[in-house]
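Me: I'm new to this one. Can you walk me through it?

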Amino acid sequence: MKILVFGNSGSGKSTYAKALADAHGLAHLDLDSIVWEPGQIAVQRDPQAIAASLGEFVSSEAAWVIEGCYGELIERASAYCTELVFLNPGLAACQANNRRRPWEPHKYASIEQQDSLLDALQSWVAEYYTRGDAWSYRAHRRIFDAHGGEKVEYACTPPVCAGSVA
């Protein structure tokens, strides 16, 4: 199993990927962990370092689940996946999930710091369907539609979808 999960912030990627990893004993990579400088907010690592980290993970793990919103990395990793999963529950679900998100200590020094950035995150999430960048709906749709292998799109937030954890 090599499962690639992608979608907007708040779509349920982390929850779904963790459930898959736990259920099937898969190595798990949250792309946030290789895209951003550790201990810093919104400071992106060098693109070559990001690519090297992704390549190392994909080549060193026999079975995995990777999750994130980064279209350029999703596209690169899709060449190695056995299944592509697009989580597309809609704007309202993504924003509701972000409001309920527990503290992510691997990303933020405190819950207060995380909460202080929620409005900016919600604005960015709201632009998902109108932006044209590599992290937008437009890019995600193109990647999903072009993928020739096994793929599934969920229009709800797993694990609410019946049978969504394969």
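Reply: Here is a short tour of the sheet, the helices around it and one residue.
Reply: This is a predicted model, where local features need pLDDT of at least 70, side-chain atom pairs count only at pLDDT 80 or more, and totals for chains, interfaces and linings use all residues. Residues are numbered from 1 along each chain as its sequence is written, and side-chain values use heavy atoms, with hydrogens and water left out.

Me: Start with the sheet. In what order do the strands sit?
Reply: The order is β2-β3-β1-β4-β5, in an open sheet of five strands with parallel pairing. Strands (E, at least two residues) and helices (H or I, at least four) are DSSP runs, numbered from the N terminus. Two strands pair if DSSP finds at least two bridges between them.

Me: Which strands stand at the edges?
Reply: β2 (27-30) and β5 (151-154) do. Each has a single partner strand, so one side of each is left without a neighbour in the sheet.

Me: How many degrees are neighbouring strands turned against each other?
Reply: On average 15 degrees, direction ignored. Axes here are lines fitted to C-alpha atoms, for helices over the stretch in contact, and angles run from 0 to 180 degrees between N-to-C directions.

Me: Now β1. How many bridges join it to β3?
Reply: Five, in the parallel sense, between β1 (residues 2-7) and β3 (residues 64-68). Lys2 has Trp64 as its bridge partner in β3, and Phe6 stands opposite Gly68.

Me: And how many to β4?
Reply: Five bridges there, and β1 and β4 run parallel. Gly7 stands opposite Leu87 in β4.

Me: How many residues of β1 are buried?
Reply: Five of the six, so β1 is largely enclosed by the rest of the structure. Buried means under 20% relative accessible area, exposed over 50%, partly exposed in between, with a 1.4 Å probe and protein chains only.

Me: Which strands does α4 lie across?
Reply: Helix α4 (residues 71-78) lies across β1, β3 and β4 (83-87), and runs at about 160 degrees to β1. Helix α8 (residues 137-146) also packs on the sheet, touching β1, β4 and β5. The direction of α8 makes about 150 degrees with that of β4. Contact means heavy atoms within 4.5 Å.

Me: Switching to helix pairs. At what angle do α3 and α4 cross?
Reply: Roughly 35 degrees, with the axes of α3 (residues 47-60) and α4 coming within 11 Å. Ile50, Ala51 and Leu54 of α3 meet Leu73, Arg76 and Ala77 of α4. That makes five nonpolar, no polar and one charged. Ala, Val, Leu, Ile, Met, Phe, Trp, Tyr, Cys and Pro count as nonpolar, Asp, Glu, Lys and Arg as charged, and the others, Gly among them, as polar.

Me: What about α5 and α7? At what angle do their axes cross?
Reply: At roughly 165 degrees, with the axes of α5 (residues 91-100) and α7 (residues 118-126) within 10 Å. The two are therefore roughly antiparallel. Angles over 145 degrees count as roughly antiparallel, under 35 as roughly parallel, 65 to 115 as roughly perpendicular and the rest as oblique.

Me: Which residues make that contact?
Reply: Leu91, Cys94, Gln95, Asn98 and Arg99 come from α5, and Leu118, Leu121, Gln122, Val125 and Ala126 from α7. By class, the contact has six nonpolar, three polar and one charged residues.

Me: Is Val125 buried or exposed?
Reply: Val125 counts as buried, because its relative accessibility is 0%. Leaving out residues up to four places away in sequence, Val125 touches Asn8, Ser9, Leu91, Cys94, Gln95 and Asn98.

Me: How far is Val125 from Ser11?
Reply: Their C-alpha atoms are separated by 9.9 Å, though the two residues are 114 residues apart along the chain.
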